[in-house]
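Here is a colleague's note for a reader who has not met this structure before. Please keep the sequence and the coordinates open while going through the points.

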Amino acid sequence: SKDTDISVGAYHVLELDTDGTKQAEHFINAVGEDLSGRLIPAVEVRLRGLYRLLPPDYYEAADNLADFCDRIEKQYGVRPVIYCTERTYKNIVASDSRFNKDKIWYESLFSKPDKDMDWTFWTYTNRVKFSFYESGEYLHMTVFHVRPVCFIILLQICNYLASPLSSAIQAAQIVLPLYSTHSSPLPQKIQVLWNFFRMILSSSV
């Protein structure tokens, strides 16, 4: 997909009972030492196997997730998006203040996220098929919580990470006209833009 116009990124499935720092080191070894031209990484927090019946130590799982996110942020200058189900969000992510500022990719297949929940992505179904998708398998469908212009900004900024010396100037030329004319809520827009500019600046040091 890197040879096409499709935006790509790296995704890690967290082992809830395994040291988070070691998992992050494995991720870095597999992905590389920088994320130039890629989307922000994501980490999936899900109960799998026997943990569906016998819940894990949620405190240990939270520690491993926090260690993973901290190591990824130290390496790449940006924290990963946390993909979680209703159950892991409630018992691991929402119950721990270390994840208060992290971007949440929430999977809820039978109900909408709570109105007071601060989510960035929402996977709302895993039972969709398209005639043009050759495998015929079911696909997940996900929505982005902010207006489409913000996702365009995300893609443009990630693309310009490949040339860090000029990335900030080029991204600003795209962002500022959109920022001044778009009608999305100001505080939300400032937060989104700041997170992505911060990623650019950290990659330019």
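The points below take up the nonpolar core, then the charged pairs, and then one residue of a strand.

1. Please bear in mind throughout that this is a predicted model, and that the residue numbers count from 1 along the chain as its sequence is written.

2. The largest nonpolar core is made up of 36 residues, and those with the most contacts inside it are Leu 65, Tyr 76, Ile 82, Ile 92, Val 93, Ile 104 and Tyr 106. At least two residues of this core come from each of several elements, namely helix 1 (20-31), strand 2 (42-45), helix 2, strand 3 (81-85), helix 3, strand 4 and strand 5 (121-128). Helix 2 provides the largest share, with 9 residues of the core.

3. Turning to charge, side chains of opposite charge can pair when their charged atoms come close. In this model the count comes to 9 salt bridges. One of them joins Arg 46 to Glu 44, with the closest N and O atoms 3.0 Å apart, and both Arg 46 and Glu 44 are buried.

4. Another salt bridge is formed by Arg 98 and Asp 63, whose closest N and O atoms are 2.8 Å apart. This pair links distant parts of the chain, since Arg 98 lies in the loop between helix 3 (86-93) and strand 4 (104-107), while Asp 63 belongs to helix 2 (residues 58-76), 35 residues apart. Arg 98 has a relative accessible area of 39% and is therefore partly exposed, and Asp 63, with a relative accessible area of 36%, is also partly exposed.

5. Arg 79 forms a salt bridge with Asp 70, where the closest N and O atoms are 2.9 Å apart. Asp 70 counts as partly exposed because its relative accessibility is 41%. Through salt bridges that share partners, Asp 70, Glu 73, Arg 79 and Asp 102 are joined into one network.

6. Is Thr 125 buried or exposed? Thr 125 has a relative accessibility of 18%, and the cut-off for buried is under 20%, so Thr 125 counts as buried. Thr 125 has its place in strand 5, and its side chain reaches the backbone nitrogen of Arg 127 at 3.2 Å. When neighbours within four places in sequence are left aside, Thr 125 is in contact with Leu 109, Leu 139, His 140 and Met 141.

Definitions and conventions
This is a predicted model: local features need pLDDT of at least 70, side-chain atom pairs count only at pLDDT 80 or more; totals for chains, interfaces and linings use all residues. Side-chain values use heavy atoms; hydrogens and water are left out. A salt bridge is a side-chain nitrogen of Lys or Arg within 4 Å of a carboxyl oxygen of Asp or Glu. Buried means under 20% relative accessible area, exposed over 50%, partly exposed in between (1.4 Å probe, protein chains only). Helices (H or I, at least four residues) and strands (E, at least two) are DSSP runs, numbered from the N terminus. A nonpolar core is a set of buried Ala, Val, Leu, Ile, Met, Phe, Trp, Tyr and Cys residues joined through side-chain atoms within 4.5 Å. A polar contact is a pair of N or O atoms within 3.5 Å; within protein, one must be able to donate a hydrogen and the other to accept it, and residues adjacent in sequence count only if both atoms are side-chain atoms. Contact means heavy atoms within 4.5 Å.
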